[in-house]
Amino acid sequence: QLHSDQDKGDGSLKYILSGDGAGTLFIIDEKTGDIHATRRIDREEKAFYTLRAQAINRRTLRPVEPESEFVIKIHDINDNEPTFPEEIYTASVPEMSVVGTSVVQVTATDADDPSYGNSARIIYSILQGQPYFSVEPETGIIRTALPNMNRENREKYQVVIQAKDMGGQMGGLSGTTTVNITLTDVNDNPPRFPQSTVHLRIPESSPAGTAIGSVKATDADTGKNAEVEYRIIDGDGTDMFDIVTQKDTQEGVIIVRKPMDYETRRLYTLKVEAENTHVDPRFYYLGPFKDTTIVKISVEDVDEPPVFSRSSYLFEVHEDIELGTIIGTVMARDPDSASSPIRFSLDRHTDLDRIFNIYSGNGSIYTSKPLDREISQWHNLSVIAAEINNPKDTTRVPVFVRILDVNDNAPQFAVFYDTFVCENARAGQLIQTISAVDKDDPLGGQKFFFSLAAVNPNFTVQDNEDNTARILTRRNGFSRHEISTYLLPVVISDNDYPIQSSTGTLTIRVCACDSHGNMQSCSAEALLLPAGLSTGALVAILLCIIILLVIVVLFAALKRQRKKEPLILSKEDIRDNIVSYNDEGGGEEDTQAFDIGTLRNPAAIEDKKLRRDIIPETLFVPRRTPSAPDNTDVRDFINQRLKDHDTDPSAPPYDSLATYAYEGNDSIAESLSSLESGTTEGDQNYDYLREWGPRFNKLAEMYGGGESDKDTS
């Protein structure tokens, strides 16, 4: 309540209020000055309010006293319970922790005034989670309450913590929270094999690196605390087998280390140990952290392929051995107890030339073709061994054949030598250094000897004893005009057994040289040319010769094409008309000279062709003779063809021989042959030849005129 000394109680003064909450939270009675709260006040919302009050004259509204300020302080009461910032907490603690190990601290807050009474004094207690955990009342720290809590027995716990104000006394307010606690793993459990003995089986043919099987030790721990390392610590198969730890599955995989043989040993025993890799020293007393088991491995029998006595074979043989010579023998056996016979063969892909062969029964390799070290020094063969009872089961072995050298090649010139000697050479002058090569390869190295096949008056050879020789002149001066080339046979021999030698011929040209011995010209014809003839003149002469040759060739070609005249150029010259065949016929009884069937089938005769002995001035179209019926007499056919020839201007009688191969009846002119005219020449009358037409005038003049001359004489 506010009261002014000027207030006489007559209602002339008026009280007004201003400041925090004035008019809303706090109101004042204008007449009495009483201040009232309009609603419930929360200290936690605001602990004090600052207000200003003043008394004024109601009529004049003037203050009767100065404005006064006062503070309203709110006294706290326990109206707020403790609260936790999280509804659920998550924490962890290692298993096997000692009692009192701190797990987590939880803290609650109270909105009440901690300086006023016990409204904000909080005490913690555990409502759920005993007897495993406890909480400190003042601090809220949760600790383990039982020793040796084992994660493998129980891993998760739920603890409920209460926070109560008023110091935990009756009537105080409280709040709760939940804490989920997980026991983390420690390596407190050793690995354990579920079985004391493990049995495994493996075929004897399993190669090295084959996995036989696996063993696994169990560990109740997790993560790295459960990691196990496997090893073989004892047994009769420590050198035959090995064990590898699989990190992802924590298994020990047993693998083959060496090939096994059922016939040699059928059972192996191993002692395998599994040990933790991360051991906690605090729990040594729970150890040892390892375990062992016995692994028995049984070897199973399989039909194995043949086994060679060696992994590879090397045979050496001289290249001059005879065909069929055995160069070596490979040996193989059947490792099985049955001991099946073995058959040997050569892989022909490794001997495409079939130089070698093998006896299938005993594996002896022999030659089937001659050997030549110079062609191939090594032969790499592959021999196949197969059981006769099981041919599909095979084994291969490489066989290396080295061909040893035999001195069967003669040395030869190393290169082709282009040798020349200067015309002004002096005796003893070096004109060429020669060397030799040999395809053979003797153990002591190559050694060649050079000599002349015969004594030569012009040149000699001097052996340098280093597989080279020098060619020297034996006289002064050479003339290329007299002898332009010398042939010098040189004998080259080696020093191996048997000695091989060959003769190589050096071609030595005689050349003109300058004063320094440099070759200028080796042509002997150069001496015949004028001294002043230049190179341009020589080129011009060659061009002229070429042009003349071209002209001659063109002239001959034109002359051959211009031949149009017949073979008989004049009536007086009849010698060109004689054609000698030098072929005597078989007479009338020769039925093989001409096929009469062609004449009886005129349709089979070819069309008339133009003459090819001259070029006709006018081309006449050949006339096709109508075909005669099949029953036409051959005599009529011949007469018709004779008539056609007589009337054909393009077919003169000279230089034409038509053989009809049909004698027919007696000719009215009787025989025209002069072979029988020796006895009857005086009785012949050739005047009838003039009646045969102009084509027989020449014949009539020859025989008719001769008769007149004879009579005249």
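**Entry 1: cysteine 544 and confidence**

I take buried to mean under 20% relative accessible area, exposed to mean over 50%, and partly exposed to mean anything in between. With a relative accessibility of 48%, cysteine 544 therefore falls into the partly exposed class.

I note early that this is a predicted model, and I looked up the confidence before going further. The protein chain has an average pLDDT of 82, and 82% of the residues score at least 70. Among the elements of the chain, I found the highest mean pLDDT, 96, in strand 25 (residues 356-358), and the lowest, 46, in helix 4 (residues 677-680). I also marked residues 525-532, where the pLDDT is below 50 and where the model shows 6 contacts beyond near neighbours in sequence. Residues 617-622 likewise have a pLDDT below 50, with 6 contacts beyond near neighbours in sequence. I remind myself that where pLDDT is low, the predicted coordinates should not be read in detail.

**Entry 2: the sheet around strand 25**

I followed strand 25 into an open sheet of 3 strands, which run in the order 22-26-25 with antiparallel pairing. Strand 22 (326-329) and strand 25 are the edge strands, and because each has a single partner strand, one side of each is left without a neighbour in the sheet. I read an average twist of 25° from one strand to the next. Strand 25 pairs with strand 26 (residues 364-367) in the antiparallel sense over 3 bridges, and I noted that isoleucine 358 has isoleucine 365, in strand 26, as its bridge partner.

**Entry 3: disulfides**

How many disulfides does the structure hold? I found 2.

One of them is formed by cysteine 422 and cysteine 513, whose sulfur atoms are 2.1 Å apart, and with -85° about the S-S bond this link is left-handed. The pair connects distant parts of the chain, since cysteine 422 lies in strand 30 (residues 419-422) and cysteine 513 in strand 36 (residues 501-513), 91 residues apart. I checked exposure as well, and both cysteine 422 and cysteine 513 are buried.

Cysteine 511 is joined to cysteine 522 by a disulfide with an S to S distance of 1.6 Å. The torsion about the S-S bond of cysteine 511 and cysteine 522 is about 100°, so I entered this disulfide as right-handed. Cysteine 511 sits in strand 36, whereas cysteine 522 is in the loop between strand 37 (519-521) and helix 1 (535-561), 11 residues apart. Both cysteine 511 and cysteine 522 are buried. When I numbered the bonded cysteines of the protein chain in sequence order, the pairing came out as 1-3, 2-4.

**Entry 4: aromatic rings**

I counted 15 aromatic pairs, and I looked up two in detail. Phenylalanine 26 and tyrosine 49 make an edge-to-face pair, at 5.3 Å centre to centre and with 75° between the planes. This pair links distant parts of the chain, with phenylalanine 26 in strand 2 (residues 26-28) and tyrosine 49 in strand 4 (residues 48-57), 23 residues apart. Phenylalanine 26 is buried at a relative accessible area of 3%, and tyrosine 49 counts as buried at 8%.

Phenylalanine 283 and tyrosine 285 form a tilted pair, at 6.4 Å centre to centre and with 45° between the planes. Is each of these two residues buried or exposed? Phenylalanine 283 is buried, with a relative accessible area of 3%, whereas tyrosine 285 counts as exposed at 55% relative accessibility.

I closed with Phe308, Tyr313, Phe315 and Phe344, which form one aromatic cluster.

Terms used. Residues numbered from 1 in each chain as written. Predicted model: local features only at pLDDT ≥ 70, side-chain atom pairs only at ≥ 80, totals over all residues. Heavy atoms only, no water. pLDDT = per-residue confidence, 0-100. Helix = DSSP H or I, 4+ residues; strand = E, 2+ residues; numbered from the N terminus. Contact = heavy atoms within 4.5 Å. Pairing = 2+ DSSP bridges. Axes fitted to C-alpha atoms, helices over the stretch in contact; angles between N-to-C directions. Disulfide = S-S within 2.5 Å. Buried < 20%, exposed > 50% of the residue type's maximum accessible area, 1.4 Å probe, protein only. Phe/Tyr/Trp six-rings, centres within 6.5 Å; stacked < 30°, edge-to-face > 60°.
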